[in-house]
Amino acid sequence: MQISENTVVSMHYTLTDDQGQQLDSSVGQEPLVFLSGAQNIIDGLDKALQGKASGEKLTVSVAPEDGYGEIHQELIQKVPTENFQGVDDIQVGMQFMAQTPGGQQPVTVIGVEEDGVMLDGNHPLAGKTLNFDVEIVEVREASEEEVEHGHVHGEGGHHH
(Lines give C-alpha, C1' and ligand atoms only; values in the text may rest on other atoms or scores of the structure.)
Protein backbone atom coordinates (compact mmCIF):
# COMPACT_ATOMS: atom_id res chain seq x y z
CA MET A 1 0.00 0.00 0.00
CA GLN A 2 1.20 3.50 -0.81
CA ILE A 3 1.01 6.57 1.41
CA SER A 4 -1.91 8.84 0.54
CA GLU A 5 -4.35 11.02 2.43
CA ASN A 6 -6.05 9.08 5.26
CA THR A 7 -3.44 6.35 5.51
CA VAL A 8 -1.65 5.57 8.76
CA VAL A 9 2.11 5.73 8.39
CA SER A 10 4.74 4.27 10.72
CA MET A 11 8.23 5.53 10.01
CA HIS A 12 11.66 6.03 11.48
CA TYR A 13 13.39 9.33 10.85
CA THR A 14 16.48 11.30 11.66
CA LEU A 15 16.21 15.09 11.40
CA THR A 16 19.28 17.22 10.75
CA ASP A 17 19.84 20.89 9.98
CA ASP A 18 21.87 22.22 7.05
CA GLN A 19 25.07 21.94 9.11
CA GLY A 20 24.44 18.20 9.60
CA GLN A 21 23.64 18.57 13.30
CA GLN A 22 21.11 15.98 14.46
CA LEU A 23 18.03 17.69 15.88
CA ASP A 24 15.78 14.66 16.49
CA SER A 25 15.53 10.96 15.72
CA SER A 26 13.21 8.00 16.28
CA VAL A 27 15.97 5.45 15.58
CA GLY A 28 16.31 3.06 18.52
CA GLN A 29 12.81 3.99 19.71
CA GLU A 30 9.28 3.30 18.57
CA PRO A 31 8.56 4.59 15.06
CA LEU A 32 6.62 7.80 14.56
CA VAL A 33 3.00 6.97 13.68
CA PHE A 34 0.77 9.57 12.03
CA LEU A 35 -2.34 10.06 9.90
CA SER A 36 -1.30 11.41 6.50
CA GLY A 37 -3.16 14.52 5.39
CA ALA A 38 -4.36 15.41 8.90
CA GLN A 39 -1.58 17.91 9.70
CA ASN A 40 -0.06 15.52 12.25
CA ILE A 41 3.42 16.30 10.83
CA ILE A 42 4.83 19.27 8.91
CA ASP A 43 3.26 19.73 5.50
CA GLY A 44 6.48 19.52 3.47
CA LEU A 45 7.36 16.10 4.87
CA ASP A 46 3.83 14.73 4.52
CA LYS A 47 3.70 15.83 0.85
CA ALA A 48 7.11 14.29 0.10
CA LEU A 49 5.97 10.92 1.48
CA GLN A 50 2.92 10.66 -0.79
CA GLY A 51 3.11 7.57 -3.01
CA LYS A 52 5.84 5.88 -0.94
CA ALA A 53 5.42 2.35 0.45
CA SER A 54 6.61 0.15 3.32
CA GLY A 55 10.34 -0.54 3.23
CA GLU A 56 11.24 2.57 1.22
CA LYS A 57 14.05 4.81 2.42
CA LEU A 58 14.41 8.40 1.29
CA THR A 59 15.94 11.75 2.15
CA VAL A 60 13.64 14.76 2.22
CA SER A 61 14.68 18.40 2.44
CA VAL A 62 11.91 20.70 3.71
CA ALA A 63 12.20 24.46 3.16
CA PRO A 64 11.10 26.76 6.01
CA GLU A 65 7.83 27.73 4.29
CA ASP A 66 6.81 24.04 4.21
CA GLY A 67 8.10 23.37 7.72
CA TYR A 68 7.84 25.71 10.70
CA GLY A 69 7.72 28.91 8.64
CA GLU A 70 10.04 31.85 8.28
CA ILE A 71 11.27 33.85 11.27
CA HIS A 72 8.86 36.67 12.14
CA GLN A 73 10.81 39.58 13.63
CA GLU A 74 7.70 40.88 15.41
CA LEU A 75 7.82 37.76 17.62
CA ILE A 76 11.24 38.79 18.95
CA GLN A 77 11.14 41.42 21.67
CA LYS A 78 12.71 42.68 24.85
CA VAL A 79 10.64 42.54 28.03
CA PRO A 80 11.43 43.91 31.48
CA THR A 81 13.25 41.58 33.84
CA GLU A 82 10.50 42.30 36.42
CA ASN A 83 8.18 40.13 34.29
CA PHE A 84 10.11 37.09 35.58
CA GLN A 85 9.28 37.37 39.28
CA GLY A 86 10.28 34.22 41.11
CA VAL A 87 12.94 33.24 38.55
CA ASP A 88 16.33 34.01 40.06
CA ASP A 89 18.65 33.00 37.23
CA ILE A 90 17.32 33.66 33.72
CA GLN A 91 19.47 31.89 31.13
CA VAL A 92 19.56 31.79 27.32
CA GLY A 93 17.61 28.75 26.10
CA MET A 94 15.03 28.77 28.90
CA GLN A 95 11.44 28.51 27.73
CA PHE A 96 8.37 30.16 29.22
CA MET A 97 4.70 30.52 28.40
CA ALA A 98 3.80 34.13 27.58
CA GLN A 99 0.28 35.50 27.78
CA THR A 100 -0.57 37.16 24.45
CA PRO A 101 -3.81 38.61 23.03
CA GLY A 102 -4.17 35.31 21.11
CA GLY A 103 -3.67 33.15 24.22
CA GLN A 104 -0.62 31.47 25.67
CA GLN A 105 2.44 31.17 23.46
CA PRO A 106 5.78 29.47 24.18
CA VAL A 107 8.78 31.81 24.08
CA THR A 108 12.51 31.13 24.30
CA VAL A 109 15.07 33.36 26.03
CA ILE A 110 17.62 34.39 23.38
CA GLY A 111 19.43 37.07 25.39
CA VAL A 112 19.73 38.48 28.89
CA GLU A 113 20.68 42.16 29.05
CA GLU A 114 20.94 44.71 31.85
CA ASP A 115 17.71 46.42 30.80
CA GLY A 116 15.62 43.35 29.97
CA VAL A 117 15.27 39.86 28.56
CA MET A 118 15.14 39.13 24.80
CA LEU A 119 12.40 36.62 23.97
CA ASP A 120 11.68 34.80 20.72
CA GLY A 121 8.13 33.56 20.10
CA ASN A 122 9.04 31.83 16.83
CA HIS A 123 9.14 28.03 16.74
CA PRO A 124 12.74 26.94 17.48
CA LEU A 125 12.94 25.42 13.97
CA ALA A 126 11.46 28.46 12.16
CA GLY A 127 13.63 29.71 9.33
CA LYS A 128 15.54 26.42 9.06
CA THR A 129 15.70 23.96 6.20
CA LEU A 130 14.95 20.55 7.71
CA ASN A 131 16.59 17.40 6.36
CA PHE A 132 14.91 14.08 7.09
CA ASP A 133 16.32 10.61 6.51
CA VAL A 134 13.20 8.44 6.50
CA GLU A 135 12.47 4.72 6.51
CA ILE A 136 8.82 3.77 5.97
CA VAL A 137 8.01 0.88 8.33
CA GLU A 138 4.31 0.34 7.59
CA VAL A 139 1.39 1.89 5.71
CA ARG A 140 -2.25 0.97 6.33
CA GLU A 141 -5.71 2.37 5.71
CA ALA A 142 -6.99 4.55 8.54
CA SER A 143 -10.20 3.54 10.26
CA GLU A 144 -13.28 5.77 9.90
CA GLU A 145 -12.85 6.78 13.54
CA GLU A 146 -9.19 7.78 13.00
CA VAL A 147 -10.14 9.91 9.98
CA GLU A 148 -13.02 11.49 11.91
CA HIS A 149 -10.79 12.26 14.91
CA GLY A 150 -7.82 13.39 12.80
CA HIS A 151 -5.25 11.14 14.49
CA VAL A 152 -4.11 7.53 14.85
CA HIS A 153 -5.60 5.28 17.52
CA GLY A 154 -4.07 2.20 19.14
CA GLU A 155 -0.41 1.25 19.11
CA GLY A 156 1.77 4.31 18.53
CA GLY A 157 -1.28 6.56 18.43
CA HIS A 158 -3.88 8.19 20.66
CA HIS A 159 -5.73 6.22 23.34
CA HIS A 160 -9.22 7.36 24.34
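Here are three short exercises, with worked solutions, on a predicted model.

**Exercise 1.** Work out which elements each supply at least two residues of the largest nonpolar core, and which gives the most.

*Solution.* Start with the membership: the largest nonpolar core holds 19 residues, and Met11, Leu45, Leu49, Val62, Leu130, Phe132 and Val134 touch the most other members. Next, look at where the core residues come from. Strand E1 (7–16), helix H1 (43–49), strand E4 (57–62) and strand E9 (130–141) each chip in at least two. Of these, E9 gives the most, with 5 residues.

**Exercise 2.** Pick Leu45 and list what it touches, leaving out residues up to four places away in sequence. Then find out how many residues another core, apart from this one, has.

*Solution.* Set the sequence neighbours aside, and Leu45 is in contact with Met11, Val60, Val62, Phe132 and Val134. Now move on to the other core: it lies apart and has 7 residues, including Val79, Phe84, Val109 and Val117.

**Exercise 3.** Put the strands of the open sheet in order, name its edges, and find the bridge partner of Lys78.

*Solution.* First, the order: 4 strands line up as E5-E8-E7-E6, with antiparallel pairing. Second, the edges: strand E5 (76–79) and strand E6 (95–100) each pair on one side only. While you're there, note the twist, which averages 45 degrees from one strand to the next. Third, zoom in on E5 and strand E8 (residues 116–120), an antiparallel pair with 4 bridges. Finally, find Lys78 and look across to E8: its bridge partner there is Met118.

Conventions:
Residues numbered from 1 in each chain as written. Predicted model: local features only at pLDDT ≥ 70, side-chain atom pairs only at ≥ 80, totals over all residues. Heavy atoms only, no water. Core = buried A, V, L, I, M, F, W, Y, C linked by side-chain atoms within 4.5 Å. Buried < 20%, exposed > 50% of the residue type's maximum accessible area, 1.4 Å probe, protein only. Contact = heavy atoms within 4.5 Å. Pairing = 2+ DSSP bridges. Axes fitted to C-alpha atoms, helices over the stretch in contact; angles between N-to-C directions.
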